[in-house]
Amino acid sequence: MVTGNLGMLHYALDHVYGAFMHRTMMSTPFFSRGWGGAKLEMLERVIKQLFPAVAGQNLPPTLIEPVWRTLWETRTATLREGVFRTPCEEQLLGALPPESHTARVAFLMPKSVPPHKMACIVHLAGTGDHTFERRLRLGGPLMKENIATMVLESPFYGQRRPVLQRGAKLLCVSDLLLLGRATIEEARSLLHWLDSEAGFGKMGVCGLSMGGVHAAMVGSLHPTPVATLPFLSPHSAVVAFCEGILKHGTAWEALREDLAAQKVAMTLEEVRERMRNVLSLTDVTRFPIPKNPNAVIFVAATDDGYIPKHSILELQKAWPGSEVRWVTGGHVSSFILHNDEFRRAIKDSLDRLTWKESPL
């Protein structure tokens, strides 16, 4: 009985937090500028090319050349910041805001260990995670296990945020697809750089919430096996924006008015159905099965007010061999309380990969 009451408390906390963040008059809603017009149509075409029926084989990642500067250094560790031009193809680059053209990463690694005896995890941003700090705190303790941490600043976030955007509230639906597509390409290029240029022995990718959806996509599309760790993540953005708490923070009326301006009359229910159709492009179960599904570990919360259990189980079913681990709590409380479980999953997932051949 106590456990049930505690579960309800975690679930209620998610809804209180969600109401404060997404339902108050002070808060700008998502997609207040509408669908995104021609950008959305272009992105729908580009993303459909990622699905197995079209893609066949994964495209190799683009080689990047980050420029590094050291932020601090101790006897045992170093933290560097790197910048590089986003590797997106020209039509995506043209759609990205200029502020997002340059990608930024933080790179925390132990010293005195050769890279081929180390692993590195690329950490992707959850909704509203504009800085490096939280993800560096998650990855920092893993240095004693010889696991380095690379943190990517998302397009539309942090120093890459467009000047007119308030916080994490993307202006158009097309921005959500663009953020995801660019993040996938940047993360795949970082994994390729860690492999071919830095010489790491194992690589992986993780993310929390929205970052977990992107991590799953990166793990799916990368041409070599990588540890893949979606934390507190749905199988699709449809779950977040059409079923979960974020539906209360979406500018449905503005989306309807945008369609009306194009001489398309829809009820709000029809607008929501159109959103479902567009965001079905983010359904990870439509993506290829990763090269080593045994190295995929999902960590989900028992009483998540943002992500229903069926969403996690759909992913596990789509990727046979993957593992789901449950932590007790809601979306917000698990994000705060269960970092040790996330770290354990990272270590276990990497242990399921084989080391690369060491250089002569």
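**Close-up views of a predicted single-chain model**

**View 1. Surroundings of R274.** Not counting residues up to four places away in sequence, R274 touches W35, L40, L259 and M266. The model shown is predicted. R274 belongs to helix α10, which covers residues 268-279. With a relative accessible area of 26%, R274 is partly exposed, because that class lies between the limit of under 20% for buried residues and that of over 50% for exposed ones. One of the residues that R274 touches, L40, is listed among the buried residues of helix α2.

**View 2. Packing of helix α2.** Helix α2 is formed by residues 38-48, and its buried residues are L40, M42, L43, E44, V46 and I47. The acidic residue E44 is thus included in the buried set. Which helices do the buried residues of α2 pack against? They pack against α4 (90-95), α6 (173-196) and α10. The last of these, α10, is the helix that holds R274.

**View 3. The buried arginine R343.** Helix α13, comprising residues 339-351, contains R343. Is R343 buried or exposed? Its relative accessible area is 15%, so R343 counts as buried. Leaving aside residues up to four places away in sequence, R343 touches R137, L138, P141 and L142. Among these contacts is another arginine, R137.

**View 4. Positive phi at S112.** The loop between β3 (102-110) and β4 (119-124) contains S112. The phi angle of S112 is near 65°, a positive value in a residue other than glycine. Most residues other than glycine have a negative phi. S112 is exposed, with a relative accessible area of 78%.

**View 5. Positive phi at K263.** K263 is placed in the loop between α9 (252-261) and α10. Phi of K263, a residue other than glycine, is positive and near 65°. The relative accessible area of K263 is 76%, and K263 is therefore exposed. On its C-terminal side, this loop is followed by α10, the helix in which R274 lies.

**View 6. Strand β8 and its partner β9.** Strand β8 consists of residues 297-301, and five of its five residues are buried. How are the buried residues of β8 divided between its two sides? I297, V299 and A301 lie on one side, F298 and A300 on the other, and both faces are covered. In a regular strand the side chains alternate between the two faces of the sheet. β8 pairs with strand β9 (residues 323-327) in the parallel sense over five bridges. The bridge partner of A300 in β9 is W326.

**View 7. The whole chain, for orientation.** The chain has 13 helices and nine strands. Its radius of gyration is 20 Å, close to the 21 Å that the globule rule gives for 360 residues, so the chain is as compact as a globular protein of that length. The C-alpha trace spans about 65 × 55 × 40 Å along its principal axes. Of the 360 residues, 56% count as buried. Among contacts between residues at least 6 apart in sequence, 77% join residues at least 24 apart. The accessible surface comes to about 15700 Å², and 57% of it belongs to carbon and sulfur atoms. The chain carries 39 positive and 35 negative side chains, and the centres of the two sets lie 2 Å apart.

Terms used: Residues numbered from 1 in each chain as written. Predicted model: local features only at pLDDT ≥ 70, side-chain atom pairs only at ≥ 80, totals over all residues. Heavy atoms only, no water. Helix = DSSP H or I, 4+ residues; strand = E, 2+ residues; numbered from the N terminus. Rg over C-alpha atoms; globule rule 2.2 N^0.38 Å. Buried < 20%, exposed > 50% of the residue type's maximum accessible area, 1.4 Å probe, protein only. Contact = heavy atoms within 4.5 Å. Areas by Shrake-Rupley, 256 points an atom, 1.4 Å probe, with all protein chains shown as cover. Lys, Arg positive; Asp, Glu negative; His and termini not counted. Charge placed at Lys NZ, Arg CZ, Asp CG, Glu CD. Pairing = 2+ DSSP bridges.
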